[in-house]
Amino acid sequence: MAEVKLMKGNEALAEAAIRAGMQAYFGYPITPQSEVIEYLAAQEPKHDYVLIQAESELAAVNMLYGSGGAGARVMTTTSSPGFSLMQEGVSYMACAEIPCVMVNVVRGGPGLGTVQPSQGDYFQAVKGGGHGDYHVIVLGPNSVQEMVDHIYLAFELADKYRAPTLILADGAIGQMMEKVILPAPIKYEPDKPWATTGKTPDRERNILTSLYIQSEDMEQRNLKLQAKYKVILKNEIRYEEYEIEDAEYIIVAYGLCSRIAKNVVNRARDEGLKLGLFRPISLWPYPWDRIGEIADADRVKFFISVEMNAGQMVEDVKLAVCGKKPVFFFGRLGGIVPTPEETYEAIKEKIG
Amino acid sequence: MLQEMIFAGFGGQGVLSMGTLLAYAAMKEGKDVSWMPSYGPEMRGGTANCIVNISDQPISSPIVSAYDVAVVFNQPSLKKFEQKVKKGGILIWESTTIKEPPSRKDIRIYPIPAIEKASQDLKNVKVMNMLMLGVLLKINAIVKKESVLQALKDTLPERHHHLIPLNKEAIDLGMSLAD
Amino acid sequence: MKEGYELVYKRPSTLTDRRMSYCPGCFHSTIHKFMMEIVEEMDIQDKTVGVCPVGCSVFAYNYLDIDMQEAAHGRAAAVATGIKRVLPDRIVFSYQGDGDLAAIGTAETLHACNRGENFTFIFINNGIYGMTGGQMAPTTLDGQITSTCPYGRDVETAGMPMKMAEIISSFEKVSYVERVSCNTPANARKAKRAIRKAFEYQMEGMGTTFIEVAANCPSNWKLTPEESLKWLEEKVYPYYPLGVFRDVKKLKKEE
């Protein structure tokens, strides 16, 4: 049964994970996402998932590796400094093709930084924070409802592609409450013949490894991963367009910034300014092609990427626009959320 | 109709729960809502606030910098948010403890001695947030009083349900003070 | 079997046909064989999942015919925890060297033991980093020469060699700790018995089991296999004594 509730983003994602059939959770407390493990700990007696408060994010991500490799539907959540610590495991899981869901409720960095919301981990998430040639699937929710919906989607994508899948949220999405519709719980039946569950006489042993000491073997492994990424690029691009049809100026924003941008678009439209919003939902794979198509339209005068960082996603917008139109950037740093007013001013300044 | 509101005071004065209750009541009336708290170390004994948006339409930004309504419980919050109330907007301030009153002339200002009234009339200073909510409901009927009472029932743990009559009394007192 | 012949020894069916890459005289191959004989004898091939570390035994999964996961350096205890928690009826072991278990992975090791994770550590302690070419390990003996302590380990700056079996035996939720070796047939038989006992304790759900093998490394010790056994007897066992350090079944009986 679906249920309507008023919930914090962090609690909603925890509840969604339970409903989506999560079998094990490993995490380490860190602001602003500790509500996830607190919620799961409180609900634990009613369910039969495994829950460990690990000794570190490093241990948590490797427990994820072990349990994901054993075929279970598994999740961890953390915030920026913790996700940095997890990068070792992310690279290993990408190579060994171990499905799992990770959530980074981003706070301001670098270093210990601030606990306030930020999008400073965009590069780390979409360009690969760990070593080697790999990608994780990255989703960027912009509401409490999407925190829930993306959990279901992330588990599905992770299993479908045997790929670690990341939800890149931020402190505000994690901490705020909104109305949320919780979907009915699903009964998850693992179908993972590759998992290390014990070698039975009817099959060869299952080995999960990221070690290919011969360069030729390692190249083959890489090519296999790249072929998979091509399929993901083809099938899993997601985005939302708002007032784009006749827009002359286009804001590109994801996550919380896309909510602020929508507010700005509404104000601009009230004043007769043809502003539109393009919101990437999948941050990897990124909707480069679609942005490129929009850039082809004669009416479009410029793009402006609005972010809570020093200008990270703007690089992908530039790649997509490919010099066809100007691409600007507006952002605030260090845990400050740009206000609709200052964002609107920045855009009007560019229009001149 | 979109209402953008901020509730601000010291941690422990109940500003976050006041916002939660209002948001919940509005959600139950079928409106779209968002509740955005300040969070982190500043919660510990420092200033806490939450932004509550209520609308008939889907809410775009949960974070705004100008408000239709500000309810403030301490001097630092008044200082911080007085200038952020929209022209013609509402500012309700706790007048027992705030010594320097607001000075704007282009907004509707309501001084309410919530702390004094709650501790003297209701013998429980903790319900001053509900008193302030009553004031707000009277001035600006964002949601029905019944919805707030239902919200109390729905969100309070069973073991605290005996406090509902006291909370109702506080809301009623607030509503009468607003007259 | 040819008529008139009696089978007295065979390779366990649970070892693959692959020729092992270990150096002559190294205990890795002996311990591999023991583990797989036990898996065969207990008929638990379909229930056993192993975790290999980074170190000389990084390719253990090429030789052991069971499901295995390769862990990042030091993380085997966390990986084994993940496996065992979601597959509680399987027999799970981590197979780790001294650099892996007692240096880079100390936190994961100690916390898994503190939680009493119900899997078995097989800890091969040869006092040196074998795979990377003979550097100092946390277990290198006082004065022992390696490529990163070419004048001998200076315990003033490098600290004392870590006595893991002793440390691990202090955890209440650990059920069995024994240090074994394979320098003589008698000790080798004891080593096999210890591993089997650890697996049995695990199957009974008794908590963490920890078998430390005081092992040799002829190549990096720059000794012949025979000399390496002498070194074990003269230098290693006095500091790392063999024996049982914790056995909750015995403790219970004594109570």
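Two strands pair if DSSP finds at least two bridges between them. I began my notes with this rule, and I record that the model is predicted.

**Entry 1: strands across the two chains**

I looked up how β8(A) meets strand β2 of chain B, residues 32–37. I found that two bridges join these strands, which run antiparallel. The number of bridges reaches the cut-off of at least two, so I count the strands as paired. I then asked which residue of β2(B) is the bridge partner of M177(A). It is W35(B).

**Entry 2: the contact between the chains**

I next turned to the whole contact. Chain A contributes 20 residues and chain B contributes 18 residues. On the side of chain A that touches chain B, I listed the elements that give two or more residues: α7 (171–175), β8 (177–182), α9 (255–270) and α12 (340–351). Which of them supplies the largest share? I noted that α9(A) does, with five residues. Sorted by class, this side of chain A holds nine nonpolar, six polar and five charged residues.

**Entry 3: two helices of chain A**

Both α9(A) and α12(A) appear in the list for the side that touches chain B, and I examined how they meet each other. Their axes come within 9 Å and cross at roughly 60°. I therefore describe α9(A) and α12(A) as oblique to each other. The crossing of α9(A) past α12(A) is right-handed. From α9(A), I recorded I260(A), A261(A), N263(A), V264(A), R267(A) and A268(A) in this contact. They meet P340(A), T343(A), Y344(A) and I347(A) of α12(A). By class, the contact has seven nonpolar, two polar and one charged residues.

**Entry 4: the domains of chain A**

I looked up the division of chain A and found domain 1 (3–235) and domain 2 (239–351). The C-alpha centres of these two domains of chain A lie 28 Å apart. How many residues of each domain of chain A are in contact with the other? I noted 27 residues of domain 1 and 22 residues of domain 2.

On the side of domain 1 of chain A that touches domain 2 of chain A, at least two residues each come from α5 (122–126), β6 (137–139), β7 (164–170), α7 and α8 (215–235). The element that gives the most to this side is α5(A), with four residues. I also recorded the classes on this side of domain 1 of chain A: 16 nonpolar, nine polar and two charged residues.

**Entry 5: an element in two lists**

Finally, I marked α7 of chain A. This helix gives residues to the side of chain A that touches chain B, and α7 also supplies residues to the side of domain 1 of chain A that touches domain 2 of chain A.

Terms used:
Residues numbered from 1 in each chain as written. Chains lettered and ligands numbered in written order. Predicted model: local features only at pLDDT ≥ 70, side-chain atom pairs only at ≥ 80, totals over all residues. Contact = placed C-beta atoms within 7 Å. Nonpolar A, V, L, I, M, F, W, Y, C, P; charged D, E, K, R; others polar. Domains from an automatic or database assignment. Axes fitted to C-alpha atoms, helices over the stretch in contact; angles between N-to-C directions. Parallel < 35°, antiparallel > 145°, perpendicular 65-115°, else oblique. Left-handed = near helix turned anticlockwise from the far one by under 90°.
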